[in-house]
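Here are a couple of exercises to work through with the model open. Try each one before you read its solution.

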Amino acid sequence: MADLSIKIGHTTFKNPIFVASGTFGYGTDNPELVDVSNIGAIVTKSITLNPREGNPPPRIVETPSGMINSIGLANIGVEKYISELLPIYEVMDTPIIMNIAGSSITEYIDVMKKVEAVSSNIVGYEINISCPNVKEGGMEFGVDCEMTEKLTRELRNFTDRLLIMKLSPNVTDITAIAKSSENGGADAVSAINTVVGMSIDHKTKKSNIYTTYGGLSGPAIKPVGLACVHKVFNAVKIPIIGIGGMVSSHDVIEYILAGSCAVQIGTANYRDPGIAEKILNDLNDYLDEQNLNSITSLIGAVKTYV
Ligand code: DHB
């Protein structure tokens, strides 16, 4: 069997198949249904300083070409994350990456400082600078190079754990934001977050999302994600965690060929919460068939014409 382990910064993961923030809750739901022990890492739902109710409904809609959501960062807040979830993570054997969101640099820092002040086994942080659905913060950071670099640099001061900046595709040049993350000291970037979208009911003439716009996800955005990962791969030296519309091991291989060293399965979890493990098994079979003993030779190995 191939060696699927990968290294990001100083952290080694047993395999490159992670589950994406917001699509797997806090990683503790329905343990009787899904065995999470084989997953490379769980990225938990975005956490803010204070608990949030999120946006009013309707905040999720399925379209013929992907799902649109505008949850508005509903979450339990950092205090509860620390008191209720960290102890559970302590006895899980799946690495946990905590996703943090905020509406100011201070908020991101305060959340991180609170987690760093207690003992836990979380392996790193993914910083959501790309939420399309809140009025303040969120994507504001991820579309601005200076803000991205400043936020990354500030957070870098407070942790030796993995620091991963999650990039938005809703920008003119994603490579510029990736470079700012690298300059600020990030260990990796994850790409992409959702693509801004809209859905209208032609009969009622109403928007299908309370906030009018939301984040499009699912197979529809895979080509967008592949292009973003490939562009970023050519622009920075830090590892890239690919995200966007993967439903099979073939999709994963394409993301690796585009330049990802690991991937996150997102929207597909809603249809089948056990899909990450299935994809992992299929990835193993693929590598065996190809007589490859690791995925590292495939990273960024796409053959382009130009
Ligand atoms: C939300 C956050 C995101 O980062 C995203 O891509 C989509 C939705 C949210 O909580 O609304």
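**Exercise 1.** Find the side-chain N or O contact that Asn 128 makes with the ligand, then work outwards to the rest of the site.

*Solution.* Start at Asn 128: an N or O atom of its side chain lies 3.1 Å from a ligand oxygen, which fits a polar contact (N or O atoms within 3.5 Å). Now check the backbone: a ligand oxygen sits 2.9 Å from a polar backbone atom of Ile 71, and for Gly 72 the backbone distance is 2.6 Å. Next, the cover: protein hides 89% of the 290 Å² of accessible area that the ligand has on its own (Shrake-Rupley method, 1.4 Å probe). Finally, sort the shell by class: 4 nonpolar residues, 7 polar and no charged ones, with Gly counted as polar. Among the surrounding residues are Ser 70, Cys 131, Pro 132 and Thr 194 (a heavy atom within 4 Å).

A word on ground rules: this is a predicted model, where local features need pLDDT of at least 70 and side-chain atom pairs pLDDT 80 or more, while totals for chains, interfaces and linings use all residues. Numbering runs from 1 along each chain as its sequence is written, and side-chain values use heavy atoms, without hydrogens or water.

**Exercise 2.** Classify the ring pairs Phe 13 with Phe 18 and Tyr 108 with Phe 141.

*Solution.* The whole structure holds 4 aromatic pairs (centres within 6.5 Å; planes under 30 degrees apart are stacked, over 60 edge-to-face, the rest tilted). For Phe 13 and Phe 18, the centres are 4.8 Å apart and the planes at 50 degrees, so call that pair tilted. Both Phe 13 and Phe 18 are buried (under 20% relative accessible area, 1.4 Å probe, protein chains only). For Tyr 108 and Phe 141, you get 5.3 Å and 90 degrees, so that pair is edge-to-face.

Key. Polar contact = N/O pair within 3.5 Å; in protein donor to acceptor, adjacent residues only side chain to side chain. Phe/Tyr/Trp six-rings, centres within 6.5 Å; stacked < 30°, edge-to-face > 60°. Buried < 20%, exposed > 50% of the residue type's maximum accessible area, 1.4 Å probe, protein only.
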